[in-house]
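Trainee: I should like to go through this structure and ask on what grounds each term is used.
Mentor: Please do; let us display it before we begin.

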2 protein chains.
Amino acid sequence: MSESIPTIKEIARRLNVSVSTVSRALSDHPRISTKTKEAVKELAKALNYEPNSKAIFFKQKRSFVIGVIVPHIYEDFFSKGISGIEDVALENGYTILFGQSHDRIDKERQVVDAMKNQRVDGLIISLSKETNKSDHLKTLDAYNIPVVYFDRVPSLPGVNKVFCNLFEGTVDMIEWLFKQDRKRIAFINGPGAIIASKERLDGYIEGISRRKLKVDMQMVEQTDFSEEGTHKAVARLLALKKPPDAIISFNDYVHMDAVKYALKEHVKINEDILFASYANISVNKHTAYPPVVSVDQFPYSQGEAAMKMLMDILQHKADEDAAAKAFLHKEIPVALVYNS
Amino acid sequence: MSESIPTIKEIARRLNVSVSTVSRALSDHPRISTKTKEAVKELAKALNYEPNSKAIFFKQKRSFVIGVIVPHIYEDFFSKGISGIEDVALENGYTILFGQSHDRIDKERQVVDAMKNQRVDGLIISLSKETNKSDHLKTLDAYNIPVVYFDRVPSLPGVNKVFCNLFEGTVDMIEWLFKQDRKRIAFINGPGAIIASKERLDGYIEGISRRKLKVDMQMVEQTDFSEEGTHKAVARLLALKKPPDAIISFNDYVHMDAVKYALKEHVKINEDILFASYANISVNKHTAYPPVVSVDQFPYSQGEAAMKMLMDILQHKADEDAAAKAFLHKEIPVALVYNS
DNA sequence: GCTTACAGGGCAAACGTTTGCACCGGGTTT
DNA sequence: AAACCCGGTGCAAACGTTTGCCCTGTAAGC
C-alpha cells in the first residue's frame, strides 16, 4: 500500500543502467555522459527521489546533523541563539538535533549521549549551571565529534568557543549613567559562584573607579534569581541612608522583579531611580517599565558565529594541517541598547 | 589517531564469537546463554560501546528521531510545548530534530524537506500562519512518515491532532468577570481570519449572552498584534461614552501593550479596569501588571499529548488492524489562572 | 591492420547491524 | 540404535549509497 520510497536502485532498474552510474550521474561525475546524466536527473525528479541521508552517513560517516544543547529554550537569549544557529545550519544543508539540559548535569549527560548515538557531525553546547567539569564531553572526542561552546563556556583554553565579555559593557553602562547625572549607582548581581557575576562585578568596580570614586559595597547586592531574593535586595537598597539613584540588575528578569517591588514602595521608575540591566530581551518592548539601558549580548549573532565556527572545523577536519586544527575562540562585542 | 569507535564487530573479534551472537546477546535474545551474554555486555561496557543508530535505521528503517516544527521558538507557548514533546521523546528513546517556520510557508517547506531527507520516524508540527493547504505535508505520506498536528491544526478531519478549544475558557472567564461585578467587558481580538480569533469571539458572545445581555460590538476591538494596533484599540475603548470596566486581550503580549497604553492614560490597572488575557506566559510572574486572569492552554501538556499520540501511531504502524489506524484527535482542556 | 588511448559505464566491496536459517553436539524418546 | 529435540551459535544476506577498479567499444596513431 505505501508505495515504496524511491531509491537509486529503482532509478537504475527503470533506466537499465547500474546503480553506480546513477550515483555518479546524480553527483555530476565527469565520467558520465551528459545524456545519461540528463536522463537520470529527469527520472529522479519525476520520482521525487530524495537521497537517504542515513545510508549516506553510513557510507560517508557524515550525518549532516549537528546537535545543539542549551540549558533552556524558554529564555529569550537561547531561543534567539538557536535561531542564529539554525539559519546558518540550513544554509549549509545541515539540520539540528535539539536538546535542553534544564540546567542539570545529569540531563545534560543524557542528551549528549543521545546525540552521540545519533552520530551528529558536531555539537554546539551552552553548559548547564551545574556543569563544572566536562568529562561527559570528553567521550565525544573518541567519536571524533567536534564541540563548539556557546556563551556558557568553560574557562579552560583547549576548546572552541564563542562568547561575550560583559566587562566592557558594564563599564560603558556606568559611564552612561554618570552622564545622566546619577551618582549612586547600585548593582544587583547574581550568585558569586558563576563567572557571569564576576565579569559584571569587575566591570562595575572598574566603572566606578574610573570616576575616582570609592566603591561602596553596600551598593552591591546579590540575588539568587528568585523573586524574593530580588525583592530583599531592592528592599535593602531602598533602606539605605543614601539610597541609590540608579540600579543595575543582573538581567532583565531580575530587573522586572526589582521594578515590581520598587513600585510597591512608590518609587517612580526611571525617574527617582534609573533602572539598567543586561540581555535586552524581547518582552522589554512590551513591558510598562523597561530598563532605560540594557546590555545586548546579541545571541543571534553568537549563534551564527558558533555555527560558522563549527562548519569551519568540519571543513578542515581531514586536514593534516595542524594550524587548521588550533582551537578557535571568538568574542562577540556587546552593545548598550536604550529604551526611551 | 582518533581511536576507532567500538562496533559490534570489534566485540565479536575480541571475544572470538560471531557478530550475530553479539547482536543477539546485546538485545537479550533467549537463545544466547547467560554466560555469553554477560561476557558480551561486560566488554561492551568496557569499550564504551554505543550502537550506531544510523546503521540500525538502515536495517530497521527506523531512525528514532522525530521532527518538530513550530512557527517560533521564542514564544513562551511553543517553548513549553517543545519541552513537553522533548521529555516524552527522551523517555522513549527518541531524539528530536528541530525547525522553525518563522510563520512562513516557504520556510516550512524547506524544513519539512530537511526532515524528510533525514528520514524522521514521525513529525509534530504547528502550522505557520501562512499555511492554509498542506500539500507539502502530503509528500510525507509517500515516505510513510506519520504527522501529528499540534495547536495550530488544520480544520480538516483526516489528520492526527492535539489542540485546545478556547470557547469554553472564554465563557468561563466572562462568568468570572461578571462575578467580580464587572458589567462592561471589552474584548481585544486578533485578526478575524485566524481560527483562534473566531473561537474566542464565539466564546465572548456566548458568555455575554448567558447573562441575557446584548452584545455591544463597540466593545469588541481588533489588533494586528503590533504595538500601535493594540494602542489604537485601547484608545477607542477608553474614548467610549461608557468605557469598559474589564478588558480581555487576545493574549498576554497584547495584554502588555494594552496595559502600557492604559498606564499613559492614567488608568488604574486592575482597579478601574480589570485586565484578562490568554496564554499565561511565564513573564506574567515578573511583570508589574499581570492580567488578573489568564486562560492557560497548557502547552507542556499539549506537547506531551502530541508526542504520546505519535508514539502510539508508531507502535501500531505495522498493525493491519484498521481501527488502530483511525485518525486521532485530542482536545486538551484549558483552565483559568488567577494572579493576585 | 595493429596497437594505444580514452570515454563511458558496470562490478563488487564496504559501511554496522539484524535476522532467517543452518549447523552441531548431547540428551530423550521410541 | 535410530529418530528427535533443543540450547547455543555461526553464516550470510540485506538495507542504500559510494567508489576503486575493471571491462568494452570506438577512434586515433602508427
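The questions below concern a buried residue, the nonpolar cores, the surface near the DNA and the relation of the two chains.

Mentor: This is a predicted model, in which local features need pLDDT of at least 70 and side-chain atom pairs count only at pLDDT 80 or more, whereas totals for chains, interfaces and linings use all residues. Residues are numbered from 1 along each chain as its sequence is written, chains are lettered from A and ligands numbered from 1 in the order in which they are written, and side-chain values use heavy atoms, with hydrogens and water left out.

Trainee: Why is G84(A) called buried?
Mentor: Buried means under 20% relative accessible area, exposed over 50% and partly exposed in between, with a 1.4 Å probe and protein chains only. G84(A) has a relative accessible area of 0%, and is therefore buried.

Trainee: What is in contact with G84(A), leaving aside neighbours within four places in sequence?
Mentor: Contact means heavy atoms within 4.5 Å. On that basis G84(A) is in contact with Y300(A), G303(A) and E304(A).

Trainee: What makes a set of residues a nonpolar core?
Mentor: Its members are buried Ala, Val, Leu, Ile, Met, Phe, Trp, Tyr and Cys residues, joined through side-chain atoms within 4.5 Å. The largest such core has 131 residues, of which I124(A) and I124(B) touch the most other members. Apart from it lies another core, of 40 residues, including V120(A) and L127(B).

Trainee: Which residues come nearest to DNA strand D?
Mentor: A residue is near a strand if one of its heavy atoms lies within 4 Å of it. Of the 28 residues around DNA strand D, I8(A), R24(A), Y49(A), T21(B) and R24(B) come nearest.

Trainee: What makes the approach of R24(A) to DNA strand D a polar contact?
Mentor: A polar contact is a pair of N or O atoms within 3.5 Å; within protein, one must be able to donate a hydrogen and the other to accept it, and residues adjacent in sequence count only if both atoms are side-chain atoms. An N or O atom in the side chain of R24(A) is 2.6 Å from a base oxygen of DNA strand D. For S33(B), a polar side-chain atom lies 3.0 Å from a phosphate oxygen of that strand.

Trainee: Why is the relation of chain B to chain A that of a two-fold axis?
Mentor: Copies are superposed by least squares on the C-alpha atoms of residues with pLDDT of at least 70 in both. A rotation of 180 degrees with 0.1 Å of shift along its axis superposes chain B on chain A, with an RMSD of 0.3 Å. That is therefore the relation of a two-fold axis.
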